[in-house]
Amino acid sequence: MSYKINGFLLSAELDTAVKDEKVIELTLQEKEALRLFFLAKDGFVETETLESVVWGERVVTQNSLRKLISSLRIKFEEKDAFKNIRGKGYQLSFEQVEEGRGKG
């Protein structure tokens with residue numbers, strides 16, 4: 001299964017995403033966050049889950065998560081795809097693309 005966010009097709013390893021001629025590189029933290037969103041029901045992940053999986057045992061501020069989400073919004077050129085559910089977490093709007101489906 002592959003995924004698209006705002007027309008950007010993500011690589012299987014979630015290292016990069018491509019839209020037209022534009023390629024974006026993703027950091028380890030961004031990849032971990034995206035993996036959680038893709039596995040989650042309805043693309044919703046609680047704040048605590050994001051923080052514990054993305055940063056593990058390291059102590060981080062809430063600002064760290066906001067910066068991560070902000071970075072993803074900028075990279076995917078889509079502010080509304082990464083929705084903040086106040087006091088709960090974040091929800092990502094994405095598209096699932098079945099493997100082997102060629103164009104035309």
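Contact here means heavy atoms within 4.5 Å, and every view below is drawn from a predicted model.

**View 1. Surroundings of Thr16 in strand 3.** Thr16 has its place in strand 3, which covers residues 16-19. When its neighbours within four places in sequence are left aside, Thr16 is in contact with Leu9, Leu10 and Ser11, and also with Val23, Ile24, Glu25 and Leu26. Thr27 lies 11 residues from Thr16 along the chain, and the C-alpha atoms of the two are separated by 9.1 Å.

**View 2. The open sheet of 5 strands.** The strands of this open sheet follow the order 4-3-2-1-8, with antiparallel pairing. Strand 4 (22-25) and strand 8 (95-97) each have a single partner strand, so one side of each is left without a neighbour in the sheet. Direction ignored, neighbouring strands of this sheet are turned by 30° against each other on average. Strand 1 (residues 2-5) pairs with strand 8 in the antiparallel sense over 3 bridges, and Lys4 stands opposite Glu95 of strand 8. Helix 1 lies across strand 1, strand 2 and strand 4, and its course runs at about 105° to strand 1.

**View 3. The open sheet of 3 strands and the helices that lie on it.** Here the order is 5-7-6, and the pairing is antiparallel. Strand 5 (44-46) and strand 6 are the edge strands, each of which pairs on one side only, and the twist from one strand to the next averages 25°. Strand 6 is joined by 4 bridges to strand 7 (residues 89-92), the two running antiparallel, and Phe82 stands opposite Leu92 in strand 7. Helix 2 (residues 47-55) packs on the sheet by touching strand 5 and strand 7, and its direction makes about 75° with that of strand 5. Helix 3 lies across strand 6 and strand 7, and runs at about 150° to strand 6.

**View 4. The crossing of helix 1 and helix 3.** Two packed helices are described by the angle between their axes and the distance between the axes. The axes of helix 1 (residues 28-39) and helix 3 (residues 62-75) come within 10 Å and cross at roughly 85°, which makes helix 1 roughly perpendicular to helix 3. On the side of helix 1 the contact is made by Gln29, Glu30, Ala33, Leu34 and Phe37, and on the side of helix 3 by Leu68, Ile69, Ser71, Leu72 and Lys75. Sorted by class, the contact of helix 1 with helix 3 has 6 nonpolar, 2 polar and 2 charged residues.

**View 5. Aromatic pairs and the cluster around Phe76.** A search of the whole structure finds 6 aromatic pairs. One of them is the edge-to-face pair of Phe8 and Phe76, with 5.6 Å centre to centre and 90° between the planes. Phe8 lies in strand 2 (residues 8-10) and Phe76 in the loop between helix 3 and strand 6 (82-85), so this pair ties together parts that are 68 residues apart in sequence. Phe8 counts as buried because its relative accessibility is 0%, and Phe76 is likewise buried, with a relative accessible area of 0%. Phe76 also forms an aromatic pair with Phe82, in this case tilted, at 6.2 Å centre to centre and with 40° between the planes. Phe82 is buried, its relative accessible area being 1%. Phe8, Phe37, Phe76 and Phe82 form one aromatic cluster, and Phe37 is also among the residues of helix 1 that make the contact with helix 3.

Terms used: Residues are numbered from 1 along each chain as its sequence is written. This is a predicted model: local features need pLDDT of at least 70, side-chain atom pairs count only at pLDDT 80 or more; totals for chains, interfaces and linings use all residues. Side-chain values use heavy atoms; hydrogens and water are left out. Axes are lines fitted to C-alpha atoms, for helices over the stretch in contact, and angles run from 0 to 180 degrees between N-to-C directions. Angles under 35 degrees count as roughly parallel, over 145 as roughly antiparallel, 65 to 115 as roughly perpendicular and the rest as oblique. Ala, Val, Leu, Ile, Met, Phe, Trp, Tyr, Cys and Pro count as nonpolar, Asp, Glu, Lys and Arg as charged, and the others, Gly among them, as polar. Rings of Phe, Tyr and Trp (its six-membered ring) pair if their centres lie within 6.5 Å; planes under 30 degrees apart count as stacked, over 60 as edge-to-face and the rest as tilted. Buried means under 20% relative accessible area, exposed over 50%, partly exposed in between (1.4 Å probe, protein chains only). Two strands pair if DSSP finds at least two bridges between them.
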